[in-house]
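Student: Hi! I'm new to this one, could you walk me through it?
Tutor: Happy to. Let's look at it together.

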Amino acid sequence: MNTTTRSLFAALAFACCAPSQAASLMVPAFTGDATPTMRVTSLREARFANVIEQKTDFSCGAAALGTLLNFAFGKTLTESDVIAGMMIGADQAVVHKMGFSLLDMKRYVQRLGLRASGFAASPEKMLALKIPAIVLLNVDGYRHFVVIRRYTPEKTYIADPAMGNRTIPTEQFNKQWNGILLAVAGPGYRLNTPLRAITPVLSARNMVNEAYPAQEAELLEYGFSHSDFF
């Protein structure tokens, strides 16, 4: 086995044994007194960055809403917190069979002192979307709530409670989407929310550069008021 072949096998062995979870690895060839470490982020952890993962079949709505509230409004809610909150006044049998509804979300948001509004939006209107919002997709007959992060003519970026951050061809998204989005407004909104910052992996050159924070005036049409920012 020549040197090149041995190096290839060594690289493959490292790749196959790489941790699935985040880990801290010692930095080699360091001669200082302390032993520095370098944090390694797993692919799964990166995929679910700023996304609450759903734990049950019926909780995509709770996880999507929790994602929006945590990373756009600075809340510290678990999926269980949101489920418990939305169960108040809801028909539990219907929820377990059909999942939560936009009305369940709206009621819960209002109890938190925020406002939620449903909007019918055309693809043309979506190109000007300035905030993350919740949308309902029909994926092969399965109703699934996700957070839409950004919409472009070619690609739509979503935070999916089941699959993490992912990109869908916009033509496919339009076929799955029912044309309604749920916008949440109120005090505490983070103008620089990470849900709007899109950085494709290994492709800084193709970065979505429109991810500048929205201006307050641009948010008024989504139910915000100037007083939300004072």
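Tutor: Keep in mind that this is a predicted model. A good place to begin is the largest nonpolar core, which has 55 residues.

Student: Which residues have the most contacts inside that core?
Tutor: Those are L65, V184 and F224.

Student: And which helices and strands each supply at least two residues of this core?
Tutor: Among the helices there are helix 3 (60-73), helix 4 (79-87) and helix 6 (102-111). On the strand side you'll find strand 4 (133-139), strand 5 (142-151), strand 6 (155-160) and strand 8 (177-185). The largest share, eight residues, comes from helix 3.

Student: Back to F224. What is it in contact with, leaving aside neighbours within four places in sequence?
Tutor: F224 touches F73, R115, I131, V184, A185, G186, Y189, L219 and F229.

Student: Let's switch to helix 3 and helix 4. How do they sit relative to each other?
Tutor: Their axes come within 8 Å and cross at roughly 115°. Helix 3 and helix 4 are therefore roughly perpendicular to each other. The crossing of the two helices is right-handed.

Student: Which residues meet there?
Tutor: From helix 3, G61, A62, A63, L65 and G66 meet E79, V82, I83 and M86 of helix 4.

Student: What about helix 6, which residues are buried?
Tutor: D104, M105, Y108 and V109 are buried in helix 6. Viewed down the helix 6 axis, the buried residues fall within an arc of 130°, so they line one face of the helix.

Student: And what comes just after helix 6?
Tutor: There, G113 takes a positive phi of about 85°.

Terms used:
Residues are numbered from 1 along each chain as its sequence is written. This is a predicted model: local features need pLDDT of at least 70, side-chain atom pairs count only at pLDDT 80 or more; totals for chains, interfaces and linings use all residues. Side-chain values use heavy atoms; hydrogens and water are left out. A nonpolar core is a set of buried Ala, Val, Leu, Ile, Met, Phe, Trp, Tyr and Cys residues joined through side-chain atoms within 4.5 Å. Buried means under 20% relative accessible area, exposed over 50%, partly exposed in between (1.4 Å probe, protein chains only). Helices (H or I, at least four residues) and strands (E, at least two) are DSSP runs, numbered from the N terminus. Contact means heavy atoms within 4.5 Å. The arc is that of the directions from the helix axis to the C-beta atoms. Axes are lines fitted to C-alpha atoms, for helices over the stretch in contact, and angles run from 0 to 180 degrees between N-to-C directions. Angles under 35 degrees count as roughly parallel, over 145 as roughly antiparallel, 65 to 115 as roughly perpendicular and the rest as oblique. A crossing is left-handed if the near helix is turned anticlockwise from the far one by less than a right angle, and right-handed if clockwise.
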